[in-house]
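Open the model in your viewer and keep the selection panel handy. We will go stop by stop, and at each one you will hear what to pick and what to look for.

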2 protein chains.
Amino acid sequence: MKATIYDIAREAGVSIATVSQVINGKGKISEKRRAEIMEIMERLHYQPSAIAAALTGKQTYTLGLLVPDISNPYFAELARAVEDRSRQLGYSVVICSTDNKDERVERYLNLLQQKRVDGMMIGTGIDNAEILSPLLQQSMPVALIARHMPALSVHTVTIDDRLGGSLAAQHLLELGHTRLAVLSEPSKVSSSQERVRGFREALNKAGHLLEPIQIRESAADLASAKQEALRLLGEQNYPTGLFCCNDIQAIGALQAAKELGLRVPHDVSIIGFDDTILASVTNPPLTTVAQPIEDLGRHAVDLLIDELKDGLQDEQTAAQKIVLKPELVVRDSAGQAPAVQGK
Amino acid sequence: MKATIYDIAREAGVSIATVSQVINGKGKISEKRRAEIMEIMERLHYQPSAIAAALTGKQTYTLGLLVPDISNPYFAELARAVEDRSRQLGYSVVICSTDNKDERVERYLNLLQQKRVDGMMIGTGIDNAEILSPLLQQSMPVALIARHMPALSVHTVTIDDRLGGSLAAQHLLELGHTRLAVLSEPSKVSSSQERVRGFREALNKAGHLLEPIQIRESAADLASAKQEALRLLGEQNYPTGLFCCNDIQAIGALQAAKELGLRVPHDVSIIGFDDTILASVTNPPLTTVAQPIEDLGRHAVDLLIDELKDGLQDEQTAAQKIVLKPELVVRDSAGQAPAVQGK
DNA sequence: TTGAAAGCGCTACCAC
DNA sequence: GTGGTAGCGCTTTCAA
């Protein structure tokens with residue numbers, strides 16, 4: 001079977017305590033012994049059991065990451081950022097796709113608790129904020145990523161979604177668009193709501209609310225977005241400026257436009273959100289509001305790990321709120337509004 | 001602190017053995033006691049420690065998945081498939097991005113062993129097959145995904161890469177292309193080599209090897225692929241038919257062609273591989289060889305878990321080899337060869 | 001510098 | 001049906 005600390009100790013003719021010391025580089029062991037023991041561990045392919053160590057009070061050095069769907073490029077890129085930072089700091093991460101279902105979220109939360117992860121990052125939409133409170137009560141470090149949850153006192157790293165929405169609005173306005181619409185995610189996704197809000201606010205502020213804005217919702221997948229966009233752009237007075245709450249929806253809109261024979265950006269301008277790899281490969285390349293995905297992931301990990309360290313001295317670390325700035329990335333999917341809006 | 005089995009036992013006035021039984025639904029406990037204990041566990045938000053359980057011989061119900069880069073849509077989609085199947089079967093998965101570096105692979109392998117995962121899936125390229133043998137010796141269940149490793153006796157689930165390559169070749173041939181090239185991944189990625197091989201074999205078999213085929217290598221990222229494609233398509237007698245070993249490289253080629261003023265597919269035809277979400281959002285949409293990604297992931301998980309079950313009776317399960325079939329998905333990036341090849 | 005021993009939380013076997 | 005108890009592999013005092 002697998003070698004244990006006992007095997008090493010026996011082989012080296014020392015006690016397991018000594019072996020433990022050299023494993024952890026603690027205590028005072030003579031250089032000779034240390035080298036000897038190291039050699040034996042190597043020879044026996046000994047891998048200390050992190051599980052047993054965790055049982056004695058050490059951390060598991062494992063973090064949980066909940067996202068709606070790891071196959072969605074945005075979350076895949078986020079996961080990569082989280083993983084990279086975690087690895088640098090000596091942690092691994094368990095990734096969980098929830099499909100934005102509370103029931104799945106809850107099951108994963110319990111599972112991760114049972115596995116005694118050291119902290120959890122939540123990048124998934126949650127209807128009922130209450131399902132997080134048990135975690136907080138047990139002082140499990142939690143960080144929300146790109147999610148707003150005002151009711152809870154929990155670490156949060158977000159982008160300024162309203163700013164993002166307003167960036168999109170300004171751009172469309174500058175291009176002369178007056179007939180605007182928004183394709184948003186279901187209302188449980190709070191960040192989308194904020195983006196829509198920022199979009200409207202910018203319009204209002206500019207006094208440009210010439211015509212009522214259409215706001216449509218669709219699920220996160222391409223097909224749903226395309227379908228909704230097909231409906232929207234298929235209408236008599238279709239909008240010439242369309243802001244989508246993420247790149248996938250924008251691509252759905254792009255495809256819908258194409259299918260309807262509408263040229264982008266000649267007939268309709270489309271702006272996405274996120275700036276995932278997808279935005280750079282579409283035709284035309286997508287003008288989109290870029291999230292600093294890497295920073296989001298890094299900060300989330302850092303918040304967790306800082307808390308793990310501090311937690312030892314300081315009982316209750318205050319919930320930190322980090323807000324990062326999105327940026328408009330201009331590519332080719334948004335252009336001048338058509339001179340005469342196909343009336 | 002966190003409630004333990006002792007807290008529950010004390011609260012219920014029973015022994016921990018009894019509580020353990022109800023947790024695991026084993027043994028004979030009176031319905032009344034069982035309900036009572038359940039109620040208490042609920043009330044105290046008790047989550048049994050999977051770590052402690054694992055230490056007593058139970059599994060950890062955690063699997064490891066090594067891929068080059070989780071932010072690459074192909075691996076993200078694969079990870080989703082793996083995760084879904086794992087969840088169905090009661091396992092969670094730790095995802096590790098290796099960037100195809102052996103050193104990273106080795107560190108992750110050790111880490112996962114220390115965490116006592118129940119099995120590992122390897123979807124990453126490995127130069128030195130030897131770094132897997134310690135795992136096999138310790139009878140750690142391992143499954144290779146979409147990787148060939150003939151030297152090792154280990155479960156493998158792959159697609160028929162040669163068939164995939166030949167599918168691409170046939171298509172290009174049928175479209176009348178004679179000046180062909182391949183953009184492949186570094187040679188350590190065995191699946192790419194097989195694709196190239198299938199491509200050449202199909203050409204040879206068709207007796208169509210009119211002009212020597214250019215074979216170029218590039219790293220897996222978009223930028224490198226684009227750069228290499230720029231060189232390739234910028235040459236005097238650039239190929240009119242280009243087969244790329246994955247979708248990202250194909251997109252790099254698409255972008256290179258655009259930059260060079262070459263129209264796709266009018267001037268140059270491009271075929272990708274994988275059929276990730278990327279293939280459907282490019283312009284023109286990418287003709288590509290589709291992998292059954294979901295099946296790959298599912299089979300890999302099943303192989304591991306079957307071995308975990310069998311392992312209890314049967315000492316040495318034979319290494320299974322599952323080979324799935326790729327399919328050509330025709331979209332718009334490959335068309336008739338130009339009548340006169342720009343000489 | 002090193003070792004003995006008391007846990008960590010849980011499972012499983014054996015008594016009662 | 002239920003409880004006592006010996007580990008699982010490791011960390012960590014406390015002595016020596």
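This tour of a predicted model moves through helices, strands, charged pairs and cysteines.

**Stop 1: a helix with a buried face**

Start in chain B by selecting helix α2(B), residues 16–24. Which of its residues are buried? They are Thr18(B), Val19(B) and Val22(B). Look down the axis of α2(B): the buried residues fall within an arc of 100°, so they line one face of the helix. This fits a general pattern: an α-helix has 3.6 residues a turn, so residues three or four places apart point the same way.

Now show α1 (5–12) and α3 (31–43) of chain B, since the buried residues of α2(B) pack against these two helices. Before you leave, click on Gly25(B), just after α2(B), where phi is positive at about 60°.

**Stop 2: a threonine and its contacts**

Next, select Thr158(B), which sits in strand β5(B), residues 155–159. Is Thr158(B) buried or exposed? With a relative accessible area of 4%, Thr158(B) is buried. To see what surrounds Thr158(B), set aside its neighbours within four places in sequence; the contacts are then Ala146(B), Arg147(B), His148(B), Leu296(B), Ile322(B), Val323(B) and Leu324(B).

**Stop 3: strand β8 and its two partners**

Stay in chain B and select strand β8(B), residues 241–244. Gly241(B) and Phe243(B) point one way from the strand, while Leu242(B) and Cys244(B) point the other way. Residues pointing either way are buried here.

Add strand β6(B), residues 180–184, which pairs with β8(B) in the parallel sense over four bridges. A good place to check this pairing is Leu180(B), whose bridge partner in β8(B) is Gly241(B). Then add strand β9(B), residues 269–274, which is parallel to β8(B) and paired with it over three bridges. Gly241(B) appears here again, standing opposite Ser269(B).

Follow the chain from β8(B) to β9(B): the path goes through helix α11(B), residues 247–259, and this β-α-β crossover is right-handed.

**Stop 4: parallel and antiparallel in chain A**

Switch to chain A and select strands β9(A), residues 269–274, and β10(A), residues 287–290. These two run parallel and are joined by four bridges. Phe273(A) stands opposite Val289(A) in β10(A).

Now bring in strand β12(A), residues 327–329, which runs antiparallel to β10(A) and is joined to it by three bridges. To see one of these partnerships, select Thr288(A) and Val329(A), the latter being the bridge partner in β12(A).

**Stop 5: salt bridges**

Time to show charged side chains. Side chains of opposite charge can pair when their charged atoms come close. How many salt bridges are there over all chains? The count comes to 44.

Begin with Arg216(A) and Glu228(A), whose closest N and O atoms are 3.3 Å apart. Arg216(A) is in strand β7(A), residues 214–217, and Glu228(A) in helix α10(A), residues 222–233, so that the pair links parts of the chain twelve residues apart. Both residues are buried.

Then look at chain B, where Glu228(B) and Arg216(B) form a salt bridge with their closest N and O atoms 3.2 Å apart. Here Glu228(B) lies in helix α10(B) and Arg216(B) in strand β7(B), and both are buried.

Keep Arg216(B) selected and add Glu235(B), another salt-bridge partner, at 2.4 Å between the closest N and O atoms. Glu235(B) is in the loop between α10 and β8 of chain B, so this pair ties together parts that are 19 residues apart in sequence. Arg216(B) has 15% relative accessibility and counts as buried, whereas Glu235(B), at 29%, counts as partly exposed.

Finally, select Asp69(A), Asp99(A), Arg104(A), Arg80(B), Asp84(B) and Arg87(B), which salt bridges with shared partners join into one network.

**Stop 6: the cysteines**

Last, colour the cysteines. How many disulfides are there over all chains? A search of the whole structure finds zero. Why is Cys96(A) unbonded? The closest cysteine sulfur is in Cys96(B), 14 Å away, which is too far for a bond. Cys96(A) is buried, at a relative accessible area of 0%.

Cys245(A) is in no disulfide either, its nearest cysteine sulfur being that of Cys244(A), 7.7 Å away. Cys245(A) is also buried, with a relative accessible area of 0%.

How values were computed:
Residues numbered from 1 in each chain as written. Chains lettered and ligands numbered in written order. Predicted model: local features only at pLDDT ≥ 70, side-chain atom pairs only at ≥ 80, totals over all residues. Heavy atoms only, no water. Disulfide = S-S within 2.5 Å. Buried < 20%, exposed > 50% of the residue type's maximum accessible area, 1.4 Å probe, protein only. Pairing = 2+ DSSP bridges. Right-handed = clockwise from strand over helix to strand, strands pointing away. Contact = heavy atoms within 4.5 Å. Salt bridge = Lys/Arg side-chain N within 4 Å of Asp/Glu carboxyl O. Arc of directions from axis to C-beta.
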